[in-house]
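Subject: Structure handover

Hello,

Here is the structure I promised to pass on. Please have it open while you read; my notes follow below it.

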Amino acid sequence: MDALSIAMVGTRGVPARYGGFETAVEEVGRRLADRGHRVVVYCRTPPGATEPPPAGYLGMELVHLPAARRRALETLSHTALSVRHLLTHRTDAAFVFNAANSPLLPALRAARIPVATHVDGLEWKRAKWGPTGRRYYRVAEALAVRWSDALIADARGIADYYRDAFAAPTTLLTYGAPLIDPGADRLAELDLVPGGYHLVVARFEPENHVDLIVAGYAASAATKPLVVVGSAPYADAYTRRVHALADERVRFLGGVWDQQVLDQLYANCATYLHGHSVGGTNPSLLRAIGAGAAVTAFDVDFNREVVADAGRYFRTPEDVAGHVVAVEADPEGTARAGRRARELAGGYDWDQVAAGYEELARVLAERRFPGRRPSGRRRPTAADAPASWHRPAELPPVTGAVPPPVTPAVPAPAAAPAVEQLLAGQQ
């Protein structure tokens, strides 16, 4: 079996304009198409669209279907329509992104369409979900373990979680880190200069800690402005909160959709402040290190896995305040950190990632996976404990002297991530 037909289900689709899943679908899908495979990507019809959507993109076939415009229903409603379409337009294998879609897996199994689920991060730990939503995501994880023919994890921390919680093996397929050198000629459009600003790129969600970063920066003696890129469709209250914590040195750019401008922002910042804490391998962080940005990251294992000894780490506003001042005081050390980050980025290769997806698609299509699945019965893990860094509803002001910056010890950098074929059901 040479050429395969492969469906990619459960994301907003391509072109990638939103998050990690969409980035993975675009980067992997176009490479699979270049290798001669038929790749079908299910896309959400944008609200208010007046022009017919494109039928193809970068060699991929696109199927556009609507979705309910409510946060709690948007993903599942679109995936339900996608699965219904897929049942009558079969492919050799399907990749379903997001464990939240797992209640729809039995339909694919009944139709004998082999499926791997990309489980993403610990979605049930996100504050945007209420108690019902968090319970749903925990149940959905268990159903994904039980009803998928294989599981995909994008970080070793996620693979470890599924091993510990469910005794479920995964296929480790990270994201790629494009090595970019975009220049700086577009910065003048934003009244910025190379090395003259600190940068945040994130959706405005509590787990991305934009408020913590802004509060810490506002309490610091930093002289370079903080540039904040991002917004969120369902987070008006959080957005207001972030803006209220800022002072006149903070510049909010909103969403930046021009990739060249965004790449130049990454490549020319004094430091990239990355607050994501509950996902797996984050594409924004990978793009930053691929641009040679010095990184100051929220201190969780997913971020340490990527940045290793090239980064500074924070958990409190005081940490942020100390680090931005230290970065400005040590331009040579900051430049070395950026060069080291770029070295680490070389271990995250989209071609290697796509090869892993191709091999997994063949395993699925040829049914070379065990028929018996793990039960999905959950065991307690360290992730179930309340996070020590969880903030109260209101961040306290940063007062008193800012302590000197301390970069916690980090383990020796790991070897470049390999595509590990830990097929579902193997021990």
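**What I found**

In strand E6, Thr117 is the bridge partner of Val96 in E5. I start there, in the middle of a sheet, and work outwards. Keep in mind that this is a predicted model.

**E5 and its neighbours**

E5 covers residues 93–97, and E6 covers residues 115–118. The two strands pair in the parallel sense, over four bridges. E5 also pairs with strand E1 (residues 5–9), again parallel and over four bridges. In that pairing Ala7 has Ala94 of E5 as its bridge partner.

How many of the five residues of E5 are buried? Five of the five are, so the strand is largely enclosed by the rest of the structure. Both faces are covered. Ala93, Phe95 and Phe97 lie on one side, while Ala94 and Val96 lie on the other. That split fits the general pattern. In a regular strand, side chains alternate between the two faces of the sheet.

**Val115**

Val115 sits in E6. Its relative accessible area is 0%, so it counts as buried. Beyond its sequence neighbours within four places, Val115 contacts Ala94 and Val96. Its other contacts are Leu105, Leu108, Trp147, Ser148, Asp149, Ala150 and Leu364. Leu364 is worth a look. Val115 and Leu364 are 249 residues apart in sequence, yet their C-alpha atoms are 6.9 Å apart.

**The eight-stranded sheet**

E1, E5 and E6 belong to an open sheet of eight strands. The order is E3-E4-E2-E1-E5-E6-E7-E8, and the pairing is mixed. Strand E3 (56–57) and strand E8 (171–172) are the edges. Each has a single partner strand, so one side of each lacks a neighbour in the sheet. At the E3 edge, E3 and strand E4 (residues 60–65) pair in the antiparallel sense, over two bridges. There, Tyr57 has Met60 of E4 as its bridge partner.

**The six-stranded sheet**

A further open sheet has six strands, in the order E11-E10-E9-E12-E13-E14. Its pairing is parallel. Strand E11 (250–254) and strand E14 (311–314) stand at the edges with a single partner strand each, so one side of each has no neighbour in the sheet. From one strand to the next, the twist averages 20°.

Strand E12 (residues 271–274) and strand E13 (residues 295–298) pair in the parallel sense over three bridges. Tyr272 stands opposite Val295 in E13. Helix H8 (residues 259–268) lies across E9, E10, E11 and E12. H8 runs at about 135° to E9 (198–201).

**Ala293**

Where is Ala293? It is in the loop between helix H9 (283–290) and E13. Is it buried or exposed? Ala293 has 1% relative accessibility, so it is buried, the cut-off being under 20%. Leaving aside neighbours within four places in sequence, Ala293 contacts Tyr266, Cys269, Tyr272, Ala288, Gly338 and Ala341. Arg336 is 43 residues from Ala293 along the chain, with 9.9 Å between their C-alpha atoms.

**Helices H12 and H6**

Gly338 and Ala341, both contacts of Ala293, are among the buried residues of helix H12. The others are Gly333, Thr334, Ala337, Leu344 and Ala345. Seen down the axis of H12, the buried residues fall within an arc of 145°, so they line one face of the helix. On the other side, Glu332, Arg339 and Glu343 are exposed. The cover over the buried residues of H12 includes H9, helix H10 (301–307) and helix H11 (317–329).

The length of H12 also checks out. It has 15 residues (331–345), which should span 21 Å at 1.5 Å a residue; the end C-alpha atoms are 21 Å apart, which agrees.

Helix H6 (residues 210–218) is mostly covered, with eight of its nine residues buried. These are Val210, Asp211, Leu212, Ile213, Val214, Ala215, Gly216 and Tyr217.

**The whole protein**

The secondary structure comes to 13 helices and 14 strands. Of the 427 residues, 55% are buried. Among contacts with a separation of 6 or more, 74% join residues 24 or more positions apart. The accessible surface is about 17800 Å², and carbon and sulfur atoms account for 54% of it.

Best wishes

Methods
Residues numbered from 1 in each chain as written. Predicted model: local features only at pLDDT ≥ 70, side-chain atom pairs only at ≥ 80, totals over all residues. Heavy atoms only, no water. Pairing = 2+ DSSP bridges. Axes fitted to C-alpha atoms, helices over the stretch in contact; angles between N-to-C directions. Contact = heavy atoms within 4.5 Å. Buried < 20%, exposed > 50% of the residue type's maximum accessible area, 1.4 Å probe, protein only. Areas by Shrake-Rupley, 256 points an atom, 1.4 Å probe, with all protein chains shown as cover. Expected span 1.5 Å × (residues − 1). Arc of directions from axis to C-beta.
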